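Work through the exercises below with the model open. Each task is followed by a solution in steps.

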Amino acid sequence: MKGILPIEIPPTLNKKCKLLAIFITLLLLGLPAVLALYFWYLYDQILIALFLFIFLQIVSGVITSKMRIISIPFDQIDIDYTTYEIAKWYLSKHFCPKGDNPSDKKMLMGA
């Protein structure tokens, strides 16, 4: 068991960053459907709207994948995470202040 590295706990965010994580999640999951429905309403072409929806789902998946690769620790890449958890990891690593993350405080204190 000495060769196994410990699993890093998922980050906890303050209220502002948590709302931002929810917004990013809703944007990645809901924007393709909303834009496809709007395009269908605007031009009355269901086939093109369906193709637009599929294309935007692929783009959303690529963005989520890139966020996952640059924010989740390498040892935990194979663990399944939801889009919300990926957004939390991404925000905690790149945008939210480091002092608000309790795991960062624990690491700074040497525990």
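**Exercise 1. Overall fold**

What share of the contacts in the protein with a separation of 6 or more comes from residues 24 or more positions apart? Set that value beside the helix count and the burial.

Solution.
- Note the source of the coordinates: this is a predicted model.
- Take the contacts with a separation of 6 or more. Residues 24 or more positions apart account for 53% of them.
- Count the elements. The protein has 4 helices and 0 strands.
- Read along the sequence, they give the pattern α-α-α-α.
- Now burial. Of the 111 residues, 29% count as buried.
- Finish with the surface. The accessible area is about 8300 Å², and carbon and sulfur atoms hold 72% of that.

**Exercise 2. The disulfide**

Find the disulfide, give its geometry and state which parts it joins.

Solution.
- The structure holds 1 disulfide.
- Its partners are Cys17 and Cys96, with sulfur atoms 2.0 Å apart.
- The angle about the S-S bond is -135 degrees, and the link of Cys17 and Cys96 is left-handed.
- Place the ends. Cys17 sits in helix α1, and Cys96 sits in the loop between α3 (83-94) and α4 (102-109), so the pair ties together parts 79 residues apart in sequence.
- Check the surroundings: Cys17 and Cys96 are both buried.

**Exercise 3. Helix α3**

Test the length of α3 against its expected span, then list its buried residues and their packing partners.

Solution.
- α3 has 12 residues; at 1.5 Å a residue they should span 16 Å.
- The end C-alpha atoms of α3 are 16 Å apart, so the model agrees with the expected span.
- Apply the burial cut-off, under 20% relative accessible area.
- In α3, Thr83, Ile86, Ala87, Lys88, Trp89, Tyr90, Leu91 and Ser92 are buried.
- The buried residues of α3 pack against α1 and α2.

**Exercise 4. The salt bridge**

Which side chains meet in a salt bridge, and where do they lie?

Solution.
- There is 1 salt bridge in the structure.
- Lys93 and Glu8 form it through their side chains, at 3.3 Å from N to O.
- The pair links distant parts of the chain: Lys93 is in helix α3, Glu8 is in the segment before α1, and they are 85 residues apart.
- Class the two by accessibility. Partly exposed covers values between the buried limit of 20% and the exposed limit of 50%.
- Lys93 has 31% relative accessibility, so Lys93 is partly exposed.
- Glu8 has 28%, so Glu8 is partly exposed as well.

**Exercise 5. The nonpolar patch**

Which helix gives the largest share of the nonpolar surface patch? Class Ile54 by exposure.

Solution.
- List the members: Leu37, Trp40, Ile46, Leu47, Leu50, Phe51, Ile54, Ile58 and Val62.
- Together they make a patch of about 890 Å².
- Assign helices. α1 (15-43) and α2 (46-71) each supply at least two residues of the patch.
- The largest share, 7 residues, comes from α2.
- Take Ile54, which lies in helix α2. Its relative accessible area is 42%, so Ile54 is partly exposed.

**Exercise 6. Tyr38 and Ala49**

How far apart are Tyr38 and Ala49 in sequence and in space?

Solution.
- Locate Tyr38: it lies in helix α1.
- Tyr38 has 48% relative accessibility, so it counts as partly exposed.
- Tyr38 and Ala49 are 11 residues apart in sequence.
- In space, C-alpha to C-alpha, Tyr38 and Ala49 are 8.5 Å apart.

Key
Residues are numbered from 1 along each chain as its sequence is written. This is a predicted model: local features need pLDDT of at least 70, side-chain atom pairs count only at pLDDT 80 or more; totals for chains, interfaces and linings use all residues. Side-chain values use heavy atoms; hydrogens and water are left out. Patches are made of residues with over 30% relative accessible area and no salt bridge: like charges are joined within 9 Å, nonpolar side chains (Val, Leu, Ile, Met, Phe, Trp, Tyr) within 5 Å. Accessible areas come from the Shrake-Rupley method with a 1.4 Å probe; for residues, only the protein chains shown count as cover. A salt bridge is a side-chain nitrogen of Lys or Arg within 4 Å of a carboxyl oxygen of Asp or Glu. Buried means under 20% relative accessible area, exposed over 50%, partly exposed in between (1.4 Å probe, protein chains only). A disulfide is a pair of cysteine sulfur atoms within 2.5 Å. The expected span of a helix is 1.5 Å times one less than its number of residues. Contact means heavy atoms within 4.5 Å.
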